[in-house]
Amino acid sequence: MSARLFPSQEIGSLQKPSLEALREWEDRVHFLSRLSPIPEEVLRHPDLGTLQNLRAAFSIAYLESAGLDRVYDGEARRVEMYEYAVRQMTGFQFQGHVRSWDSKYYRKGTVVNRVDLIAPYHLEEFDFVRAHARAAVKLPITGPYTLADWSYDEYYLARQPGWKGRPQRRAAQREFVVDLARRVLRPTLQKLIEHGCRVIQIDEPAAGTHPDEAPLVVEGFNEATQGLDAEFSMHICYSRYQDLLPALLEAKACRQWAWEFANRDAEGHDGYEVLKLLREYSDTRSIGLGVLDVHRDTLETPEQVAERIRRAAKYLGDPSKIWVNPDCGLRTRSLNVAYAKLEAMVAGAALARSEFEGLET
Amino acid sequence: MGSNRPIYAGLTSPFPRPERLVAATRDLDRGRTTPELAEKAFVEAESELLALEERLFSNVTAGYLRWNDLFRPIAESWVGFTVGPLTRWLETNTFFRQPILSAPPRRTAGAIASRLPPPLATRTSTARVLLPGPYTFTQVLENRSGASEFEVLLSLGRLLGDEIRDLGGLGYRVFQFSDPILVTDPPEGPAETAVLQAYQSIADAQPAATTVVWTFGAGAGPALPLLDRLPVSVVGIDLTDTEPEALRPGPERLGLGLGIIDPRTTLPETLGDTVGVVREALRRRPSASVWLGPGAPLDLLPARPAEQKLLRLSDVRHTLLREGVA
């Protein structure tokens with residue numbers, strides 16, 4: 001738990017700014033001063049490594065300037081959360097793009113051999129963030145269940161005999177998830193912890209895809225974190241959380257649920273009511289409360305954020321459990337819109353904090 | 001030795017956008033290309049897919065590449081609807097915009113016809129028109145209309161019936177209603193009665209049409225008693241989710257649709273196993289006609305492996321036609 005009520009945190013990726021955008025934002029968030037001096041000529045024509053450093057430093061300063069208590073680098077060095085991770089492994093081939101919605105796509109890999117880790121990843125980016133951040137740092141990493149669910153399987157499934165019906169797919173999926181957790185995630189997490197990484201968010205956005213596989217999500221989480229000491233959280237979004245409970249509660253090392261709620265919170269529909277279940281199950285973990293809808297440009301107001309926090313606090317029965325964050329990564333929003341949303345989130349948390357602290361005195 | 005019963009095969013969902021179209025639509029989204037160049041990419045992709053379908057199958061779709069999701073054409077064009085938040089599409093990593101119904105729904109005449117893939121307008125007799133099934137549509141929408149869920153379901157049945165009557169007037173003959181929630185969350189009691197009434201409205205509106213209900217996402221076994229009572233021409237079930245042992249004989253009037261291509265894996269279906277599972281299904285549930293297709297939506301795959309799977313689908317059909325189904 002945090003000493004201050006309703007601390008704020010990032011949750012995922014930000015839009016990757018162009019050079020022009022970086023120049024414009026320098027006046028607002030002053031990120032260049034965090035880096036060693038870069039010659040003007042290099043700034044005009046940076047190589048990829050320099051550009052990634054610029055973007056990472058910008059994202060850290062951007063999130064801190066918006067007032068967040070826990071930050072990262074907007075995943076500035078990652079193509080996206082799936083492809084970047086899979087490229088750190090052997091056993092995969094990429095096939096092409098799959099539509100997520102409208103004209104948003106992601107590249108999906110096929111596992112064609114038993115997965116293995118090339119080398120632990122995210123170390124360099126974590127070292128950079130820790131060296132350049134003033135706020136606390138939280139590292140997001142894609143979880144084993146999501147990596148398996150977002151892949152096509154030609155290796156583990158082919159080992160199942162005959163027609164590939166549901167039972168065969170299930171058995172293959174379990175082998176795949178456990179291999180990813182043991183052979184890829186665990187050694188990577190271990191190395192990150194050795195580097196000083198203390199707060200780690202394991203992203204499992206696919207967890208809600210097959211609710212009856214929630215025990216497998218948990219098995220992957222437990223296998224990945226077994227024997228490791230860090231403050232782990234689990235991020236899940238766009239899911240019916242009630243369908244995943246109580247299975248999720250068996251995630252032993254998880255100390256926080258970072259979930260999306262604002263997307264489903266509309267007039268006539270209370271997106272936060274599902275939190276009652278955590279109280280009913282006497283779950284003591286903190287909650288990363290999604291208070292910003294990341295798929296719409298409409299700006300939340302501080303009052304709206306504060307009202308969402310109040311409602312969540314009522315359902316949980318304990319305001320000290322609540323961190324606030326966007327529903328998910330803000331990469332589909334422009335930097336201007338994302339910044340305004342984050343400012344509203346921080347202001348809304350402050351508003352709610354003042355109300356609750358007023359009640360306490 | 002060959003089969004005397006008609007065996008059809010074809011797409012049962014939108015086809016994935018080919019890589020060139022992915023690039024064009026992304027560029028359009030980011031302001032890096034013009035609407036004219038993006039349109040050119042759509043036309044080329046539709047034309048290439050159509051050529052493949054016409055070579056392999058008797059029904060064509062041109063891929064429905066322009067549709068953002070199954071519900072959007074209606075949500076964007078019919079009165080009473082608006083387009084709502086991103087929502088997960090069943091157990092997949094794809095999302096649709098939830099339709100929000102704020103008033104009694106009304107059709108906008110001609111709106112769906114204008115949103116069908118343009119090449120279908122000159123191939124109406126072989127086109128397969130994709131529409132949302134009334135039950136799934138009712139289940140996924142946010143109902144703020146004040147009407148009960150059953151009233152909405154019955155309204156949608158009537159409106160979809162009116163729609164296929166109009167489309168029938170343009171020459172379209174085959175209509176597929178994608179209704180996966182009939183098997184993922186089967187209706188019971190009064191809801192079951194309302195589903196039957198909704199489909200009766202569709203059947204009454206265009207009795208000469210071939211109507212296909214396509215289900216996927218879960219085993220169809222528990223829903224078969226209802227599916228058998230639907231007043232449609234063909235009931236489609238996904239064999240990649242339904243164990244053949246769950247099948248039992250159905251009414252003679254019903255054609256049997258079998259989803260035999262699994263878009264959740266790029267692993268190609270083996271010809272022998274796939275032909276075998278079709279034969280097993282038909283042994284347990286004999287049918288006068290067979291409609292083969294992908295089970296779940298094929299656009300869960302990238303375009304290239306999807307194309308390979310269409311070729312395999314055609315191979316299965318030809319093997320069954322040549323060697324018989326027994």
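**Exercise 1. Find the bridge partner of A:I200 in strand 8 of chain A, and place that pair in its sheet.**

Solution. In this predicted model, A:I200 has A:F232 of strand 8 of chain A as its bridge partner. Next, take the two strands: strand 7 (residues 199-203) and strand 8 (residues 231-236) of chain A run parallel and are joined by five bridges. Then widen the view to the open sheet of chain A, where six strands follow the order 5-7-8-9-10-11 with parallel pairing. Strand 5 (139-142) and strand 11 (322-326) of chain A each have a single partner strand and stand at the edges, so one side of each lacks a neighbour in the sheet. On average, neighbouring strands of this sheet are turned by 25 degrees against each other, direction ignored.

**Exercise 2. Decide why B:I112 counts as buried, and describe its surroundings.**

Solution. Start with the location: B:I112 belongs to helix 4 (residues 111-115) of chain B. Next, count neighbours. B:I112 has 20 C-beta neighbours inside 10 Å, and therefore counts as buried, since the cut-off for a buried residue is 20 or more. Then look beyond the neighbours within four places in sequence: B:I112 is in contact with B:P73 and B:E163. Finally, consider B:L167, which lies 55 residues from B:I112 along the chain; the C-alpha atoms of the two are separated by 8.6 Å.

**Exercise 3. Judge the compactness of chain B against the globule rule.**

Solution. First list the secondary structure: chain B contains eleven helices and ten strands. The globule rule gives 20 Å for 326 residues, and the radius of gyration of chain B is 19 Å, close to that value, so chain B is as compact as a globular protein of that length. As for dimensions, a box of roughly 55 × 50 × 35 Å along the principal axes is filled by the C-alpha atoms of chain B. Burial comes next: 53% of the 326 residues of chain B count as buried. Last, among contacts in chain B with a separation of 6 or more, 74% are between residues 24 or more positions apart.

**Exercise 4. Describe the side of chain B that touches chain A.**

Solution. Begin with the residue counts: the contact takes 33 residues from chain A and 34 residues from chain B. On the chain B side, the elements giving two or more residues are helix 1 (19-29), strand 2 (79-88), strand 3 (95-106), helix 10 (271-284) and helix 11 (303-323). Helix 1 of chain B provides the largest share of this side, five residues. By residue class, the chain B side divides into 13 charged, 13 nonpolar and eight polar residues.

How values were computed. Residues are numbered from 1 along each chain as its sequence is written. Chains are lettered from A and ligands numbered from 1 in the order in which they are written. This is a predicted model: local features need pLDDT of at least 70, side-chain atom pairs count only at pLDDT 80 or more; totals for chains, interfaces and linings use all residues. Helices (H or I, at least four residues) and strands (E, at least two) are DSSP runs, numbered from the N terminus. A residue is buried if 20 or more other C-beta atoms lie within 10 Å of its own, exposed if 12 or fewer, and partly exposed in between; C-beta atoms are placed from the backbone. Two residues are in contact if their C-beta atoms, placed from the backbone, lie within 7 Å. The radius of gyration is taken over C-alpha atoms; the globule rule is 2.2 Å times the number of residues to the power 0.38. Two strands pair if DSSP finds at least two bridges between them. Axes are lines fitted to C-alpha atoms, for helices over the stretch in contact, and angles run from 0 to 180 degrees between N-to-C directions. Ala, Val, Leu, Ile, Met, Phe, Trp, Tyr, Cys and Pro count as nonpolar, Asp, Glu, Lys and Arg as charged, and the others, Gly among them, as polar.
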